[in-house]
Amino acid sequence: MSGALNSVAGVGDSLNRNVALLAADREYTAAREQRRQAATAGGTGLVDGLIGGGESVVRGFTDGISGVFLAPVKEARTGGVGGFLKGVGKGVVGLAVKPLVGVSDAVVSVIQGASQAAQDLEAHVPVRPRRALPRLSVTGRKVLTDYSAGAARVQEDMEVGDSYVCHVSLENEGKDVIFTDKYLSVVNLAKGGSVWKHPWRDFAWCEVTKESREGGRAGGSGRDRGIWLHMYRNDNESKGTLLQVAGEEVWEIYGELWRHRSKMGNGSMMKSVEALQQEEGVVESGGGRRDVGGGLVDGYRFGDKNDQDLRCRKLRSWEIVARAKDRLTKAWTTWPELDDAVWKVINDWTKNHWGPWNYRKCMALVLINKSTGGVQLEGMQFRDGSEVHVIESHLFDTDSRVLAPGGAVLIFAWSHIPTVVKQAHIALRMETTAFKGEFTDKSASLQARPGGDVSFVEKTRKSTYVKYVVVVREQR
């Protein structure tokens with residue numbers, strides 16, 4: 001008898017869990033799960049099941065009705081008009097689903113109460129989070145290791161769709177370095193959780209350094225190495241962060257970073273652990289760290305010209321494009337001059353397209369050919385935005401669309417004026433003989449063709465403009 005009741009309870013519990021997902025409300029689902037666990041731990045009889053069932057029915061109807069009014073307000077705070085409409089949809093769905101979930105929970109509560117009374121069993125709730133199983137980066141297989149409370153808590157707090165890979169504990173620092181499919185993070189449980197967390201797309205590349213202080217330049221002893229994480233510039237103009245590591249743990253962490261290099265924008269600049277250990281000086285780059293936001297081009301760091309406040313007269317869109325073509329074909333012979341010419345184009349645009357009635361975000365994509373062969377632009381697909389223009393410079397043949405070695409070309413695009421239903425987004429897909437790329441105002445990615453080496457040397461994303469600089473090199 002009790003076995004049959006348990007079976008029915010299991011089926012009912014699985015059913016109402018699937019129905020709850022239709023409510024599309026993560027907070028509601030989490031709170032409901034907590035109540036279910038508490039009821040399972042506390043209730044041991046039919047009376048408790050009946051009381052819990054009645055509460056579930058009442059709560060289902062109250063949550064559904066209140067959600068119609070609260071969900072639009074909550075979503076509008078973070079998503080504006082689009083969030084409000086999303087909240088209205090969630091509220092309407094919740095009004096239909098949540099009462100049904102409440103009734104389903106009530107049935108399960110009664111069945112579980114009867115089952116527990118029949119078996120005279122006391123249920124227990126797990127006292128620790130579910131074990132996190134590390135995943136080998138290459139094969140994708142999960143392996144069983146010693147239980148780690150830190151890794152388990154991190155897994156419990158991860159976003160939907162993310163997957164735990166591994167972690168490295170820094171006992172001297174009291175921190176854990178956590179690797180997941182989407183993020184690299186440092187966690188200090190003694191201080192309440194995450195120290196910092198960044199998606200892989202924000203990292204350019206990583207190197208081992210002898211710096212011994214956060215952000216400092218003083219060299220430390222061979223045992224006080226750290227890892228400098230080069231990052232692309234963002235709204236805070238961050239260029240990187242120093243991960244301090246004492247002892248030989250530096251090689252364990254760097255080894256994992258090496259295995260994740262394909263997720264970074266310029267991972268081809270990294271060397272294997274074996275190569276670094278064989279080199280004298282451990283990648284000191286002339287005695288100090290390379291303070292770059294992704295890489296250098298003949299010693300120059302792109303982005304140094306950004307955010308200069310230059311005077312600009314009133315210009316229309318076509319006039320800005322015409323001035324850009326004039327600058328790119330005549331005004332530069334060195335990389336700093338090219339960077340300056342590109343910034344003047346961005347400055348012209350942002351100064352002439354601001355305010356609620358004329359706001360348009362622009363995207364400047366610079367392609368530089370540092371290889372020994374030509375790079376042909378095979379095709380572009382402008383997926384979102386208003387207009388896109390290929391602004392050639394010297395060493396770019398407009399007929400064949402081939403960029404000669406040592407040359408550069410600017411692809412300049414801008415968005416529509418935002419409306420209630422459409423935001424200022426830009427999305428461009430490009431294919432060349434050296435790579436395929438996806439470039440938007442939110443993110444960018446590259447995929448090198450066989451025999452090529454392509455990487456970002458700058459990723460700057462601001463509220464008014466986006467700037468990407470891509471360099472094609474010979475495969476190393």
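**View 1. A nonpolar patch on the surface.** F61, I65, F69, L70, L95, V103 and V107 make up a nonpolar surface patch that together offers about 680 Å² of accessible area. Patch members have over 30% relative accessible area and no salt bridge, and nonpolar side chains are joined within 5 Å; areas come from the Shrake-Rupley method with a 1.4 Å probe. A salt bridge here is a side-chain nitrogen of Lys or Arg within 4 Å of a carboxyl oxygen of Asp or Glu. The model is predicted, so local features need pLDDT of at least 70 and side-chain atom pairs count only at pLDDT 80 or more, while totals for chains, interfaces and linings use all residues. Residues are numbered from 1 along each chain, and side-chain values use heavy atoms, without hydrogens or water.

**View 2. A closer look at F69.** Find F69 in helix α3, residues 46-119; helices are DSSP runs (H or I) of at least four residues, and strands (E) of at least two. F69 is exposed, at 60% relative accessible area (exposed is over 50%, buried under 20%, partly exposed in between).

**View 3. Around I253 in the largest nonpolar core.** Here I253 touches V168, L170, V177, F179, I227, L243 and V245, leaving aside residues up to four places away in sequence (contact: heavy atoms within 4.5 Å). Another core lies apart, with 30 residues, including L315 and V469. A core joins buried nonpolar residues through side-chain atoms within 4.5 Å.

**View 4. The edge of an open sheet.** Six strands line up as β11-β12-β9-β14-β15-β16, with antiparallel pairing. The edge strands, β11 (396-397) and β16 (444-448), each pair on one side only. Five bridges link β15 (435-440) to β16 (pairing takes at least two DSSP bridges), and K436 has Q447 of β16 as its bridge partner.

Technical notes:
Buried means under 20% relative accessible area, exposed over 50%, partly exposed in between (1.4 Å probe, protein chains only). Patches are made of residues with over 30% relative accessible area and no salt bridge: like charges are joined within 9 Å, nonpolar side chains (Val, Leu, Ile, Met, Phe, Trp, Tyr) within 5 Å.
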